[in-house]
Amino acid sequence: MLAARGLKGVFYVNSGRLGGEKYLSVGQVQQLQSMGHEVGGHTAFHLHLSQQDYVEQRRQICFDRVQLSGLGLKVSSFAYPFSDFTEDSRRAVESCGYSNARTTSGVGCSSCAEGETSPPVDRFATRAMSGFGRSTTADDLIKAVKRVEGKSTWLQLVFHQVCVNAKCELNAVRESEFASFLDWLAAEQKRSAVRSTTARSALGDPVKPLVASPPSTAPVARLQNSSFERSGPSPMSAPHCFEYGGEVEGSKVAWAQSLAAHSGRLSLSATISSLPRPVRVMSTQDLGSCAPPVRAGRQYTVGVWYRSTEPVKLAAYVRQPRGGYTSFGGSKLFAKSDVWRYASWTTREVPRSRNTALSVAVIFSAKGSYAIDDLRLSESPAIPMSPTHIGRGSSSKQRGNREEPKPLSSSARVTSKKTAKPASQADPFTPPESGPLIPVAAKTALKNTLQGRPSWLGVAQVGLAVAGGFALVAVFDRRLRQLHRRTRFSTRSKKPDQG
């Protein structure tokens, strides 16, 4: 849509999600830069920066820039995920070598400015206009630009999604309206009223040297705050080192730290009254503050105590070299229980790659009440292999002159008890020795494997600027659900957010 009209833009992407389903591929991002567009940073995988400590914020921001630069991209502009940032976030962006950073507020409201000044008041918190959705028309967008025409103003318009289907989400601008606006804008550019450019060009920013991200400090193969005793950074957030996932428009989930604990003082509860799709609580997927590093070639056991009116399921996610997490399988469903019950599941072997860590989750798939406590991760004992087995796994497949082993099958265990174990007794996280051990065949494990994290946002931006002595830049965020015929770029959709 842009290239056909002679317009250029800034595409803010998450390095950890490149190549994922409905996300831009590495080749597409490189092609965008070769076409004259700019590619900016957006953290490794779109975390709320305000909920991270300063060191993890620097990991997310510096690591993302290093990864994108390693693909041959010139990265100097940044956008805050959800427009959620603190003074620490601002300092982290600057310390990682960025030259500017965009928010999604400060322009367009009744008490807001008409646009950002040129040069901006704060290069690391530039103001923008957002809030566009399926009710937005081309006239609305044209009026926003006309208000600043003839002024030395930098206008940033933020779009989160362009709807190419009949059914549009709330924050998706209809393709027909967006195209009409771009047609008008292209005509304005032809008569030298506006000029399309990138943020780096508009600000004259250099590309600074790379800055390495801080190393991981998370303990190996151990979850932090596994009894949910420590609260998160705000009353509405998940407990420390945990996060909630899967909630979309229509989800009604009440999360709480409850005094009805299996051990210690608190447990985590969820009351679900509306559920368009499964939701989950999972250990934080980060780059080193919470996510435990694990050893390649080893299996790991996930265990949890739970009470529920509906079945629950366990799952795991593995961190990839570029920082993103992908599904690492899941257990069978564990039966509902009105007393505290223990369930465990063992993963397959961790793949051999750098930067490996695990995140584990408990998944709720039906309306009801749930409580979980004492969620644990532990390395499973190594299983001896016969001398003929070379590589990973326990069963083999002939390949040439060597046998290529298959991964070990996952397994699940469940037991229950009528009363909570007193804190003075043995480690409440230790799985009971009694109770049936239920093997899960490889096909069943594959069938139950999660298909990945929810469709989280991949962000793209388009930048425009006024010519003829003025400095107008309109920046657009885009998420496309399918590859557009003309521009040949797409991003992955996510639940509605703010940046």
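**Stop 1: helix 2**

Start by selecting helix 2: 13 of its 17 residues are buried, so the rest of the structure largely encloses this helix. Keep in mind as you look around that this is a predicted model.

With helix 2 (residues 54-70) still selected, try your viewer's distance tool on its two end C-alpha atoms. They are 24 Å apart, which agrees with the 24 Å that 17 residues should span at 1.5 Å a residue.

Now look at the start of helix 2. Show the side chain of Asp53: one of its oxygens reaches to within 3.2 Å of the backbone nitrogen of Val55. Then go to what comes after the helix, where you will meet Gly72, a residue with a positive phi, near 90°.

**Stop 2: a disulfide that starts in helix 2**

Stay with helix 2 and pick out Cys62. Which cysteine forms a disulfide with Cys62? Select Cys96, and you will find the two sulfur atoms 1.9 Å apart. This pair links distant parts of the chain: Cys62 is in helix 2, while Cys96 sits in the loop between helix 3 (87-95) and strand 4 (100-106), 34 residues away. The link is left-handed, with -85° about the S-S bond. Are these two cysteines buried or exposed? Both Cys62 and Cys96 are buried.

**Stop 3: Cys109 and Cys112**

Next, select Cys109 and Cys112. A disulfide joins them, with 1.6 Å from S to S. The angle about this S-S bond is 80°, and the link is right-handed. Turn on a surface here: Cys109 has a relative accessible area of 36%, so this residue is partly exposed. Cys112 also counts as partly exposed, because its relative accessibility is 26%.

**Stop 4: Cys241 and Cys290**

Move along the chain to Cys241 and Cys290, whose sulfur atoms lie 2.0 Å apart in another disulfide. The link between them is left-handed, at -75° about the S-S bond. Cys241 is found in the loop between helix 6 (199-203) and strand 11 (242-245), and Cys290 in the loop between strand 14 (279-283) and strand 15 (300-308), so the disulfide ties together parts 49 residues apart in sequence. Cys241 counts as buried because its relative accessibility is 6%, and Cys290 counts as buried because its value is 11%.

How many disulfides are there in the whole structure? A search finds 4. If you number the bonded cysteines of the protein chain in sequence order, the pairing reads 1-2, 3-4, 5-6, 7-8.

**Stop 5: the nonpolar cores**

Now select Ile61, Phe78, Val93, Leu157 and Phe181. These are the residues with the most contacts inside the largest nonpolar core, which has 46 residues. Several elements each supply at least two residues of this core, including helix 1 (26-34), helix 2, helix 3 and helix 4 (138-146). Which element gives the largest share? Helix 5 does, with 6 residues; color residues 175-190 to see this helix.

Apart from that core lies another one, of 35 residues. To find it, select Phe228, Tyr306, Val318 and Ala343, which are among its members.

**Last stop: Asn171**

Finish at Asn171, in the loop between strand 8 (161-163) and strand 9 (172-174). Its relative accessible area is 9%, so Asn171 is buried. Add Gln161 to your selection: the two residues are 10 apart along the chain, and 6.5 Å separates their C-alpha atoms.

Notes: Residues are numbered from 1 along each chain as its sequence is written. This is a predicted model: local features need pLDDT of at least 70, side-chain atom pairs count only at pLDDT 80 or more; totals for chains, interfaces and linings use all residues. Side-chain values use heavy atoms; hydrogens and water are left out. A disulfide is a pair of cysteine sulfur atoms within 2.5 Å. Helices (H or I, at least four residues) and strands (E, at least two) are DSSP runs, numbered from the N terminus. Buried means under 20% relative accessible area, exposed over 50%, partly exposed in between (1.4 Å probe, protein chains only). A nonpolar core is a set of buried Ala, Val, Leu, Ile, Met, Phe, Trp, Tyr and Cys residues joined through side-chain atoms within 4.5 Å. The expected span of a helix is 1.5 Å times one less than its number of residues. A polar contact is a pair of N or O atoms within 3.5 Å; within protein, one must be able to donate a hydrogen and the other to accept it, and residues adjacent in sequence count only if both atoms are side-chain atoms.
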